[in-house]
Amino acid sequence: MLLRLVSPSTCRSGVAVRSLTHVQKPVATRSRSYNWWAKVEMGPPDPILGVTVAYRNDTDPNKMNLGVGAYRDDSGKPFVLSCVRKAENRITEAKVNHEYAPIGGLPEFTKVAASLMFGSDAKEIKENRVASVQTISGTGALRVAGQFLKRFLPNTDFYLPEPTWGNHKPIFKDSGYNLKFFKYYDGKGGLDFEGLKSDLKAAPNNSIILLHACAHNPTGVDPSPAQWKELSKLFLEKGHFPFFDAAYQGFASGDPVKDALPIRHFLDDGHQILVCQSFAKNFGLYGQRVGALHFVSSTEEEAKKILSQLLIIIRPMYSNPPIYGARVIAEILNDGELSKEWRTEVKLMADRIISMRQQLVDNLKKIGSKKDWSHITNQIGMFCFSGLNPSQVQTLREKWHIYMTGDGRISMAGVSSEKVKYLAEAIHDVTK
């Protein structure tokens with residue numbers, strides 16, 4: 001530190017004085033700002049959305065995108081349901097406002113969502129034992145549910161079928177769980193039911209087990225009604241908690257009631273369950289992100305407590321859900337005519353996919369394939385687990401300009417009558 005003599009100044013008495021001041025040495029400054037993001041690494045591309053990017057960059061006129069799970073009509077175009085258009089027109093004519101939704105979403109939506117899943121005459125609903133909130137589609141429901149269970153249950157492990165939807169793993173890992181897996185697919189186009197039961201019996205009592213309610217993604221393989229009943233009994237014996245992911249109600253078989261039977265059977269057997277419900281596929285509202293989360297409790301008071309805690313979780317996560325898509329669904333399901341029209345249209349979508357499965361198998365046989373392709377028609381829902389290996393998938397992409405995920409999962413919604421023969425020829429070429 002330096003001392004510097006300052007020129008005379010006059011004090012209050014008029015006497016001249018000299019003073020000393022402290023002079024601070026200049027401090028060296030950085031030539032540029034600190035790089036806060038230097039340690040951020042490049043993340044891997046999403047395996048499903050990456051397929052779409054590659055497809056878009058392909059200029060071949062015969063290219064096919066069989067990766068993304070979004071329904072297309074037989075011309076390969078996005079399909080907007082007629083009942084959705086009518087509901088939208090009504091909402092526009094009503095000149096509704098754009099105020100915030102409640103934290104738990106629109107009550108008129110959550111009510112019809114629960115009725116669709118459990119049945120309007122379900123005793124659980126009549127007894128006010130269902131705690132329901134609107135979520136940001138099925139993904140949001142899964143994330144909120146994971147957060148809730150981690151907060152209130154002692155479990156450190158979360159059980160998933162192998163294979164399962166790719167997003168399940170990061171969702172529940174980010175919720176703080178150690179991931180465990182139980183056998184599901186037999187590798188031959190069907191269900192390894194004995195392996196599944198063996199793994200669930202070996203799991204610790206009171207484990208959290210995720211089940212696909214219908215149209216298992218990615219395999220399209222579901223337990224039979226008898227097998228669902230056996231699973232319900234096993235869950236009761238072991239005290240396991242049934243965590244249902246229901247992304248395809250009505251879209252699998254064409255019948256919303258049939259697709260919900262596994263869930264309703266578990267309720268009839270006295271289970272307390274939760275259900276994550278998506279309205280993307282069955283209403284074609286992919287971009288509106290409409291979903292619901294339902295907890296079935298033992299008493300009305302318990303349901304109120306659960307609901308209060310769900311709202312506490314949601315508030316700092318995303319505050320409240322978007323309102324438009326929920327209004328559309330509430331408008332449809334609260335109106336007899338529109339609801340009837342929706343059931344007709346969801347069956348139309350399911351039936352087209354079932355038809356594409358049959359046409360693909362028929363064309364494979366006509367071309368001369370000697371392989372057993374019965375698993376394609378035995379599976380159900382949007383996806384077909386084809387049995388193609390990564391090398392065959394790569395050849396389909398490079399030679400035939402057909403895009404699907406590396407595990408051979410085919411989105412049957414992307415197959416059309418015009419191109420099903422081309423797809424069959426390509427599959428035969430890589431498997432003969």
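**Legends to close-up views**

**View A. Lys197 of helix 7 in a salt bridge with Glu230.** Lys197 counts as buried, its relative accessibility being 10%. The model shown here and in the other views is a predicted one. The side chain of Lys197 meets that of Glu230 in a salt bridge, with an N to O distance of 2.6 Å. Since Lys197 belongs to helix 7 (residues 193-202) and Glu230 to helix 8 (residues 225-238), the pair ties together parts that are 33 residues apart in sequence. Glu230 has a relative accessible area of 36% and is partly exposed. Buried means under 20% relative accessible area, so Lys197 at 10% is buried and Glu230 at 36% is not.

**View B. The buried residues of helix 7 and what they pack against.** Along helix 7 the buried residues are Phe193, Gly195, Leu196, Lys197, Asp199 and Leu200. These residues pack against two strands and a helix: strand 6 (178-183), strand 7 (208-212) and helix 8. Lys197, one of the buried residues of helix 7, is also the partner of Glu230 in the salt bridge of view A.

**View C. Asn206, with a positive phi, in the loop that follows helix 7.** Asn206 is placed between helix 7 and strand 7, in the loop. Its phi is positive, about 65 degrees, although Asn206 is not a glycine. Asn206 is partly exposed at a relative accessible area of 49%.

**View D. Two cis peptide bonds, at Pro163 and Pro218.** Glu162 and Pro163 are joined by a cis peptide bond with omega at about 5 degrees. Pro163 sits in the loop that runs between strand 5 (157-162) and helix 6 (168-174). A cis peptide bond also joins Asn217 to Pro218, here with omega at about 25 degrees. The loop holding Pro218 lies between strand 7 and helix 8. Both of those elements, strand 7 and helix 8, are among the parts that the buried residues of helix 7 pack against.

**View E. A salt bridge between neighbours, Lys123 and Glu124.** The closest N and O atoms of Lys123 and Glu124 are 3.2 Å apart, and the two residues form a salt bridge. Which of these residues is buried and which is partly exposed? Glu124 counts as buried, at 5% relative accessibility. Lys123 counts as partly exposed, at 42%.

**View F. A salt bridge within helix 14, Asp351 to Lys347.** Both residues belong to helix 14 (residues 336-367) and are four residues apart, about one turn of the helix. Their side chains meet in a salt bridge at 2.7 Å, N to O. Both ends are partly exposed: Asp351 has a relative accessible area of 33%, and Lys347 has a relative accessibility of 41%. Side chains of opposite charge can pair when their charged atoms come close.

**View G. A salt-bridge network of Arg90, Glu331 and Asp335.** Salt bridges link Arg90, Glu331 and Asp335 in a network. The search of the whole structure gives 13 salt bridges. The chain carries 55 positive and 44 negative charges, and the mean positions of the two sets are 9 Å apart.

**View H. Loop residues Arg289 and Gly387.** Arg289 is in the loop between helix 11 (280-283) and strand 10 (290-296). Its phi is positive, about 55 degrees, and Arg289 is not a glycine. Arg289 counts as partly exposed at 30% relative accessibility. Gly387 lies in the loop between strand 11 (383-385) and helix 16 (390-400). At 60% relative accessibility, Gly387 is exposed. The C-alpha atom of Gly387 is 29 Å from that of Ala203, and 184 residues separate the two along the chain.

**View I. The whole chain, for orientation, with 17 helices and 13 strands.** The secondary structure of the protein chain comprises 17 helices and 13 strands. With a radius of gyration of 29 Å, well over the 22 Å given by the globule rule for 432 residues, the chain is more spread out than a compact globule. Along the principal axes, its C-alpha atoms fill a box of roughly 115 × 60 × 55 Å. Buried residues make up 49% of the 432 in the chain. Among contacts with a separation of 6 or more, 73% are between residues 24 or more positions apart. The accessible surface is about 22,000 Å², and carbon and sulfur atoms account for 52% of that area.

Conventions: Residues numbered from 1 in each chain as written. Predicted model: local features only at pLDDT ≥ 70, side-chain atom pairs only at ≥ 80, totals over all residues. Heavy atoms only, no water. Rg over C-alpha atoms; globule rule 2.2 N^0.38 Å. Buried < 20%, exposed > 50% of the residue type's maximum accessible area, 1.4 Å probe, protein only. Contact = heavy atoms within 4.5 Å. Areas by Shrake-Rupley, 256 points an atom, 1.4 Å probe, with all protein chains shown as cover. Lys, Arg positive; Asp, Glu negative; His and termini not counted. Charge placed at Lys NZ, Arg CZ, Asp CG, Glu CD. Salt bridge = Lys/Arg side-chain N within 4 Å of Asp/Glu carboxyl O.
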